[in-house]
Every structure is written in structure tokens, then in C-alpha cells.
Amino acid sequence: MMDFEWKVIDEHHHELFIDKHVRGLLWITAAGFSFWHSYPNPAVDLSRVKSVEEAKKAVEAAVLSLGAEEKNRP
């Protein structure tokens, strides 16, 4: 199980830590949300989310999905 932790940097930036290592930055602007990530984290489409909480859930789901795919590789 991955341990997700979000740290609020300021009103426009939330950092994502997974198992105590920084993995990306949720960027919040008037135009919407984006997630800047470090490899191997996936790119995440946040074009439809309406809140910070929705964006965080979408990012976590994408990271968990990537982790499941890697476990199933031969």
C-alpha cells in the first residue's frame, strides 16, 4: 500500500509525497488544475475536476493504477 501525503505549500501549490518522497506538485490556477510529476508518475488529465479534493483523488487513483500495472508486468 502506498502512503500518500499532501503538503500545502501555498494557496496555489500542493506537493504530493508518496512513501515520504516528493513525487509531484498540484498547481491550482484560475484556469484549473494541473499536476507536474516526476517519473514514473503518470500524467493526469485534470480538465474535468472542479475542486482540489477531486484533483487529489484523480492523481492518487492514477498513481495507484500505474503501481498495479507495474506489479503485473512479467
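The accessible surface of the protein chain in this predicted model comes to about 5,200 Å². Carbon and sulfur atoms account for 55% of that surface. As for what is tucked away, buried residues make up 30% of the 74 residues in the chain; a residue goes into that group when its relative accessible area is under 20%.

On to the fold itself. The chain holds four strands and one helix, and read from the N terminus the elements run β-β-β-β-α. In other words, the strands come before the helix along the chain. Looking at contacts between residues at least 6 apart in sequence, 21% join residues at least 24 apart.

The four strands come together as an open sheet. Their order in the sheet is β1-β2-β3-β4, and the pairing is antiparallel. Strands of a sheet pair through backbone hydrogen bonds, in either a parallel or an antiparallel way. At the edges of this sheet stand β1 (4-10) and β4 (32-37). Each of these two has a single partner strand, so one side of each is left without a neighbour in the sheet. Going from one strand to the next, the twist averages 25 degrees.

For the edge strand β1, the partner is β2, which spans residues 13-18. These two strands pair in the antiparallel sense over six bridges. Within this pairing, D10 stands opposite H13 in β2. D10 is also where β1 (4-10) ends, while H13 is where β2 (residues 13-18) begins.

Conventions
Residues numbered from 1 in each chain as written. Predicted model: local features only at pLDDT ≥ 70, side-chain atom pairs only at ≥ 80, totals over all residues. Heavy atoms only, no water. Buried < 20%, exposed > 50% of the residue type's maximum accessible area, 1.4 Å probe, protein only. Contact = heavy atoms within 4.5 Å. Areas by Shrake-Rupley, 256 points an atom, 1.4 Å probe, with all protein chains shown as cover. Pairing = 2+ DSSP bridges. Axes fitted to C-alpha atoms, helices over the stretch in contact; angles between N-to-C directions.
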